[in-house]
Every structure is written in C-alpha cells, then in structure tokens.
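Colleague: I would like to learn how to read this kind of model. Let us go through it feature by feature.

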Amino acid sequence: MQSRILLSVLAATIAFGATAEAQGFTIGNVVVVRVGDGSSALTSAAAPIFLDEYTPTGSFVQSLPLPTGTIGNQRAITVRGNATSEAFLNVSISGAYLTMCGYDAAPGTAAALTQDAAANVTNRVIARVDLNGAIDTSTALTDAYSGTGGNPRSVISDDGNQFWISGTSTVNGGVRYVTSLGDTTSLGLNAGSPTNVRCINAFDGQLYVSSASGANIGVNVYGDQLPTTPGQLVTQLPGFPTTGGTQAASAYDFFFADENTLYVADDNAVASPVGGIQKWVRNAGTWTLAYRLQLGGPGANTACRGLTGFVRDGVTTLWGTANTSNTGAAATQLVTVTDTGPGSTVVSLATSPLSTAFRGVRFLAKPTTLQRIPAACGTAGIKVTGNAEIGTVVRTTILTPSAIPFVGYGLAPLGVPLCGCTLVTDFVSSGLLFAGATSALPLPNSPSVVGAQIYIQGVDLDAFSAPGCLGLPLFTLTDGFTFTVQ
C-alpha cells in the first residue's frame, strides 16, 4: 500500500514538474574541521586536526582527533596551522565516509618539511573516516603536490575505496586519482592548466573544482563524470569571471542545491563586494550571481571558505565556516543560513577557540540506498544519484542514447528477458515512463512512503543496433537501479 501511495504522489509531482575512540557521528548533524588544539598560536608549522560534531543548531556533540603519529600502516595527518587553503572536508558520494587530506608530519613540523618538501620525503595523506568514527590514514602518497608551495587541499571519493584529490604544485599538481585505499601512488589527470586547484566535489555524478588560477576563476567542470585517465580538461562554468582580484570570485568550497542553483564560498573579505556565500543561478546555460549572504548582513564584508548544505522540499539550508579577515590567524565561525532570499540572515553557531581555526565543514545526510542492477543491452548507459531520503530528489540521466530515450519507474522487480534485453521492472503497465534523457524524481516528504522500493531503468527506443521482435519498435535497455525510500 505504501508503494502505491508513493507512486501516485510521484506521478502527480513529476507531471508538474581507527586510531581514536569516538562515538559514531549522528546523521543530520554537522562536522567541522578544527585546526589546532589551542595550546599555541597557529603558524605555518603543522598543527593537529580535530573533527568537531555539532547539531544543526550549534550544540557541540563531540570531537574526534585525527592521528598525529604513525601506528603500523596508519600515518599521521596534519595541516599547516595558518594555511587557509588546506583542511577542507568532503562526504563520499555514497554518504558513508568523510574524507580530507594533509601531511604525514608531527605537529610543529616546519613548512620546509610539509608544503615545501618532496612528497616522497613527507607523504601527502588521505584520511577516510566512517560514520562510526573509525579512521584510516593508510593512503600516503609519494608523488603528489611536491616541492615549494605544494599542498593537498581537498579529496572526494565515491565509495571510500578510490579517491580524487585536488591541490597545487609546479611538479605534480591539479587533480590526481588514487585507485585504492592504502595506495602510495597516484595518477595525474590534468590535460594542462590550471594545476593550482582548490576544492573538489561532485554533483550528479560529475566532478567539479574551484580555482582562482588564470582564467579558471570560480567553479569549473572537471573532465567527464568521475574520470580515471589522464587528459582531462578543466572547463569554467559559463558566466563566472575570468579575472581575479577583490572584484571577482575567490572561490573555495561550493554546494549544488540542484542543477541550476550553486552556492559558492568566497574568501574575499576586506573592501570586497563579493566575499561571503554567493548564490549563482543558471539560465539558458549561463550562470549569474544572484546575491550573496554574509555574517553580519549586507555590507559586512565577511568571507567564507567551507560550505555545505541540504535541500528538503526545495528549501536550501547552508552551513559554512566564516572569517572576518583574510589572515589565517583570525577567529573563524561556524554559521548557518536558510536561503529564503537576499535578505536571509546568516547566524553564527560557534566560534573557534583561541589559537584554533575552523576550515572544512560537511552536513551528514543519510547514506544513499541506491543499488545498480546489471541488465544493459546496447550502448546507452544510466546514471542515478541521490540518497532517496523523503523530501529530496533522485536524479536519473540516460548516457549516450542513440535514439529516443525514456526513463521508467516501477514498483516490483521483474528480471524478464524481452527481445534480447532484460526488463528490470514492469514500468509499462504498473509504473511510470517519461520521455527524455533526464528525470528528476521528487520524493514526498511523508513518513507513509518510507520503506517503499522503487526501480528505475532507461529505454532507448528505436535504437537501430538492437534486435526487434513481436512487432515492437527496435529498442535497447540500460542497467537498472533500485532504492529504498528512507
């Protein structure tokens, strides 16, 4: 019954449109990276890292220290204390892991032995932390972000086992790919500049990076989907500025609310009209800065570096790490804002203690329940993203269709052979079938649909490479996906 209720609502909606002891993290809370333990002022020397957990309204929950020494194959991970471009945080696409990067160096280690050292002398370390608080720092790279000013900044993973890492170096910078947890080497992916990139993240199965280098100012598409081979291009989103300075973007972290709405953390703070949380909207393929949100209100000239968010029922709530100056030693704040328009109020939830700083931040949504079902025939592929939580959207894209694509939804598994293909679900007689290569499926924000199982499969109708039978038009089918509404 709950499945039928869900499908009827969906039809109407679419028609319109470890090294440390810790408790597990709580879904729905916010995790912020704190650099420094408060015992001494932050300098260019390496400082310890803590993952501080807060409720969405700012109540402190717990602090998880990352390792500062080596035990077995588990390495230390620290960052430079006053380095505002380091210590960003990500959540894996699966939602099961937190990831960040730094140096295999003890607290107090000078910059000459961190950012200015070769990676085979001071390894660049990826930390993976699961939702139970278990830490893995076995991925220590010997070939990434070496030499003077070479620093790792941000890392994203799809499932916690492979990684894409961003940073800068004149030797081996840009975006690099790490095949497996525990690897010591990586693969450079850039086809060329910029090799100085800031934060890396993914939306709808596609990598993006922020940069303030050359003409790649702001947010850029990186390669095609989740690339694993060299020769990847960095393509600026149309509409972002092509020159820097206090009048243009100094983008760090960013958050896609949907395919047409992007929030960017900009750290221009002093005498700048652009610092803070920028809201960009896309219209006819071009991105335009709609307005910015600042701690202290319009004209306060406060900046932001870390940024995360969550969208429910089309309403975006953001959390960020705000600063009131461009210096790394200044106090930082964990802030939040619900975007209801340009007059939305940014609220401070917590201030970093003396001699510490907040850097990266992530909201902990529920891990995704999406599962792929191998069933494809023909050349069309399928990409499905989302965590299947009530009030959110599951997005489907048919990849490289050769004819007329459809996206189908059903309530029950079939696994029935048909004309040389396999039907994953009966989306024809008891489900939903929508024309087009993309589909956004809004899930009702109702407890009555929690637990419902939905199946998705793509159809490439009149695809000439496929056999026909039973007098039907020629077609191919993609793999299927299934998810449980949560």
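Colleague: How many bridges join β3 to β4, and do the strands run parallel or antiparallel?

Modeller: Strands of a sheet pair through backbone hydrogen bonds, either parallel or antiparallel. In this predicted model, β3 (residues 49-54) and β4 (residues 60-65) run antiparallel, joined by five bridges. Glu53 stands opposite Gln62 in β4.

Colleague: What do β3 and β4 form, and which residue in the turn has a positive phi?

Modeller: They form a hairpin, with five residues between the strands. Gly58 sits in the turn, with a positive phi of about 105°.

Colleague: Now a sheet. What is the strand order in the open sheet of four strands?

Modeller: The order is β22-β23-β24-β25, and the pairing is antiparallel. β22 and β25 (347-351) are the edge strands, each pairing on one side only. On average, neighbouring strands are turned by 20° against each other, direction ignored.

Colleague: How many bridges join β22 to β23?

Modeller: Nine, and the two strands run antiparallel. β23 covers residues 315-323. Within this pair, Ala303 stands opposite Asn323 in β23. As a general guide, in a regular strand the side chains alternate between the two faces of the sheet.

Colleague: Ala303 again, then. Which residues line the largest cavity?

Modeller: Ala303 is one of them, and the lining also includes Gly276, Ile277, Leu293, Cys304 and Val346. Two elements give two or more residues to this lining: β20 (276-283) and β22 (303-312). The cavity has a volume of about 40 Å³. By class, its lining has eight nonpolar, three polar and no charged residues.

Colleague: And the second largest pocket: which residues lie nearest its centre?

Modeller: Phe203, Asp204, Glu259, Arg282 and Arg395, out of 18 lining residues. The pocket holds about 390 Å³ of space. β15 (206-213), β29 (393-399) and β34 (438-442) each give two or more residues to the lining. The lining divides into eight nonpolar, five polar and five charged residues.

Colleague: Last point, confidence. What is the mean pLDDT, and where is the pLDDT below 50?

Modeller: Where pLDDT is low, the predicted coordinates should not be read in detail. The mean here is 89, and 90% of the residues reach 70 or more. Residues 1-20 have a pLDDT below 50. Beyond near neighbours in sequence, that stretch has 44 contacts in the model.

Terms used
Residues are numbered from 1 along each chain as its sequence is written. This is a predicted model: local features need pLDDT of at least 70, side-chain atom pairs count only at pLDDT 80 or more; totals for chains, interfaces and linings use all residues. Side-chain values use heavy atoms; hydrogens and water are left out. On a 1 Å grid over the protein atoms alone, a cavity is a set of points where a 1.4 Å probe fits but cannot get out, and a pocket is an open set with protein on both sides within 12 Å along at least five of seven lines; lining residues have an atom within 4 Å of a point. Grid points are joined across faces, edges and corners, and a volume is the space filled by probe spheres set on the points. Ala, Val, Leu, Ile, Met, Phe, Trp, Tyr, Cys and Pro count as nonpolar, Asp, Glu, Lys and Arg as charged, and the others, Gly among them, as polar. pLDDT is the predictor's confidence in each residue, from 0 to 100. Contact means heavy atoms within 4.5 Å. Two strands pair if DSSP finds at least two bridges between them. Axes are lines fitted to C-alpha atoms, for helices over the stretch in contact, and angles run from 0 to 180 degrees between N-to-C directions.
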